Amino acid sequence: MIYDMLLLRFGEFILKGKNRRRFENSVFLHVKSVLEPYPKVELRNEFGRIYVYLNGESAAEPIQVLKKVFGIASISPVIVCKSELEDILETSYRYLEEMNIQESTTFKVSARRVWKKFGHSSHEMNHHVGSHLLKNFEMLDVSMNRPALDLRVEIRETETYIFYEVIPAVGGFPRGSNGKAMLLLSGGIDSPVAAWSSMRRGLTTECVHFYSYPFTSQLAKEKVIDLAKVLSGYAGEIKLHLVPFTEVQTSFTGQGQDKLIITLMRRSMLRIATLLAEREGALAIVTGDSLGQVASQTLSSMNAIGRATELPLLRPLVMMDKNEIISIAKDIGTYDLSIQPYEDCCTLFVPDSPATKPNLRIVESIERSITNLNDMILDAVDRTETMILTPNGNGNTKVDSPVEEDWF
Amino acid sequence: MIYWDHAASTPPYEDVIRTLTEVMDKHYGNPSSIHQLGGDSVKLIKRSREVCANALHVKPSEIIFTSGATEANNLAIKGAALQYMSRGKHLITSMVEHASVYESFLQLQQWGFEVTFLPVDSQGCVSLESITAAIRKDTILVSIMHVNNEMGAIQPIDAIGQEIKRCNALTLFHVDGVQGFGKLPVDLKTWSVDLYTLSAHKFRGPKGIGLLYVREGLKLMPLLTGGSQESGFRAGTENTPHLVAMAKAMRMTSEQQPIFTKNVSIQRDRIFGFIRDIKGLHLHSNENGAPHIVQFSFPGMKSEVLMHTLELQGMLVSTRSACSSKQTEPSRVLISMGLSHEEASSGIRISLGDSHTEEEISQLELALRKAVEQLYPLLEKGRNDR
């Protein structure tokens, strides 16, 4: 089927009065950027919709790309014809012919006359188009309630749109429309999904990754950079903060309280993330916690850990099952990277049976006993490297890539 | 000296040679080492895999690097046969495959597999009916080449793929794509191909490197065991510089394919024209074949004699396929295509690259006319004519 145009409908945000125009603009720019590889397409913006004229590009690939644009609720591939009765009938006929419909398909026509000067009312058009198709296709049965095929005919002054598919898209809010937060990115399966969920809700997400070289390898760090790069495909660009965590982390090992190491570590991570949030003007911290998944994610642990920051902690995955998280991770393209087996600092020095009910009083007293903990935390923030990642670039990174593009 | 043997091997792109040298110089680290130099090699290999996958419109995880087409064909055929022998022990291939395919099947035959060798018509093509008739419930693999290396015949891969899957959805389809890539469009998904072989030196990359596309979800019994490189399909330290160089050649070749097909077909047709015109020569390729291969014979004159006569005039052509040209038997492939014994033992192949000039083709014509004129009186037939 050769389509002329894709009709994109906006999601829930169009209800948001004053911000609507800004939101729509943001989606428009996002759509424009993802369609750059298709030079023939042209875009038009209208209340609650974007029209993507394909001008000969095939529809399949752009649809796949557009389904991932935040703020778009659904996509319909459309055939365009003149707003004249004859042309509408002929085009509808051709459309169904190419569709290769099966025996006894239920159908109805839903015409909408947007251009009131058109000579036939919506009701009359339903009748005209419907009877024309019934005459020509024996396998069609009319069904007004739940038709398998609901042919929409939208008559406008300049042209008429004919379509039936409504492909659900990712929805959510335009990127960057709901403020900024820091996200703890570990390199596992969950945190990239948490990042994507936050971004879908319009949150600008800066990623914070903790590494403990030489206990963690350079490859673990690079894996996180690769993950952030995938995420930048959704966000346009991603700021990634790489925090050297070795000193802080090793300071917890000699305390004779190995079962509390995760709790202590996570609390320090939150403190560092909070300091970075202040510096970057972020108003919350996002984590990939999912209730009960591991020892640090029991309710008791969340309680003891969460008290280390005053910023709101957002946990988009908190009530999701692992399978749901994995399925999103596969969908957004982070899963294969996440399962690479490089140890990150969350699994270092972890005892066989970490505390699932950490005692806050003991945790706090250990923290007090490490007199230079605060200095180490401030020092880690100072030595944090920040890089900006884009889907195609290598970012303004200090990590030299051995991959010289000239070789390929 | 003008080189007319591009189906045997191609001159590497200058950029490929430069890339190969630079990567060899800088990135000698073993990709399995976990220090930085090893890590750098891993990244280069990853990027190479992406570039190769892009050129075929498949996923990077579906590309297995090998030492060349012979290994890739062996891995595809024996690997699939051994992996899936519990489903059945029947295999299908054609009479005109490359030796690395044909001999693999002969070996499997010795190991107790049953192999059906499909005949071809005078155009060199396998018929769909013969596929339909040969496929059974216990057929685990069909292997058919895309373009025949001796004749240039193009197999109807698209239709064959669909027919195989229609007859038995579990039967795997392997395509030796060595002579087709860069010469014709390739569309593995539409063709329902499960396994696909390429060799870098046939598309202006280096020798000693190739790849096998293995459709996601398929398993193959590895032929080389050892380390866990190539997802366990093929042990052995990755050949980083050659991989990068192959990726580059593959990208450049696939970008230039439409132009290659168009321009080289025109030159081929010109060559067809004068071969048809020269008395004593029989043209065996035709316009339906690949753009770069011209097979003809000079019945009564052994291939080598004409080849060397042309060589004296600076024209390098080929007798049979290079891999088996030292054998003395006439070509199995040409005989299968219905050539007489006399034609098959006097077969000559001219194969084109993308840089031949019109002037060079005129020189080839002259050389060929001169050679035939010289040799014609020596033919038995020629002697009788006198």
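Begin by selecting A:Arg44, A:Glu46, A:Arg49, A:Arg112, A:Glu154 and A:Arg156, which are linked in a network of salt bridges. As you look around, keep in mind that the model on your screen is a predicted one. Over all chains, the count of salt bridges comes to 45, and a few of the others are stops on this tour.

**Across chain A**

Stay in chain A and select A:Glu247 together with A:Arg383, whose side chains meet in a salt bridge with N and O 3.0 Å apart. This pair links distant parts of the chain, since A:Glu247 belongs to helix α7 (residues 246–251) of chain A while A:Arg383 sits in the loop between α13 (373–382) and β15 (385–389), 136 residues apart. With surface display switched on, you can check that A:Glu247 counts as partly exposed, at 39% relative accessibility, and that A:Arg383, at 38%, also counts as partly exposed.

**Where the two chains meet**

Now bring both chains into view and select the residues at their interface, where 18 residues of chain B are in contact with 10 residues of chain A. Between them the two chains bury about 1,300 Å², of which 59% is on carbon and sulfur atoms. On the chain B side, pick out B:Lys43, B:Leu44 and B:Arg47, because these residues supply 35% of the area that chain B buries against chain A, more than any other three residues.

The rule finds five salt bridges across this interface, and the count of residue pairs in polar contact between the chains is seven. To see which elements are involved, colour α1 (14–26), α2 (36–56) and α7 (240–277) of chain B, each of which supplies at least two residues of the side that touches chain A. Helix α2 of chain B gives the most to that side, with eight residues. If you then colour the side of chain B that touches chain A by residue type, you will find five nonpolar, four polar and nine charged residues.

Two of the bridging pairs deserve a selection of their own. One is B:Lys43 with A:Glu222, whose side chains meet in a salt bridge at 3.0 Å, N to O. The other is B:Lys26 with A:Glu404, where the N to O distance is 2.9 Å; B:Lys26 lies in helix α1 of chain B and A:Glu404 in the segment after β15 of chain A, so this pair joins two chains. B:Lys26 counts as partly exposed at 44% relative accessibility, and A:Glu404 likewise counts as partly exposed, at 30%.

**Within chain B**

Next, hide chain A and select B:Glu365 and B:Arg369, which form a salt bridge whose closest N and O atoms are 3.0 Å apart. Both lie in helix α11 (residues 358–375) of chain B, and because they are four residues apart there, about one helical turn separates them.

For the last stop, select strand β8 (residues 210–214) of chain B, where five of the five residues are buried, so that the strand is largely enclosed by the rest of the structure. Both of its faces are covered, with B:Gly210, B:Leu212 and B:Val214 buried on one side and B:Leu211 and B:Tyr213 buried on the other. Add strand β2 (residues 63–66) of chain B, which runs antiparallel to β8 and is joined to it by four bridges, with B:Ile63 standing opposite B:Tyr213. Then add strand β7 (residues 195–199) of chain B, also antiparallel to β8 and joined to it by five bridges, where B:Leu198 has B:Leu211 as its bridge partner.

Definitions and conventions: Residues numbered from 1 in each chain as written. Chains lettered and ligands numbered in written order. Predicted model: local features only at pLDDT ≥ 70, side-chain atom pairs only at ≥ 80, totals over all residues. Heavy atoms only, no water. Contact = heavy atoms within 4.5 Å. Buried area = accessible area lost by both parts, 1.4 Å probe. Salt bridge = Lys/Arg side-chain N within 4 Å of Asp/Glu carboxyl O. Polar contact = N/O pair within 3.5 Å; in protein donor to acceptor, adjacent residues only side chain to side chain. Nonpolar A, V, L, I, M, F, W, Y, C, P; charged D, E, K, R; others polar. Buried < 20%, exposed > 50% of the residue type's maximum accessible area, 1.4 Å probe, protein only. Pairing = 2+ DSSP bridges.
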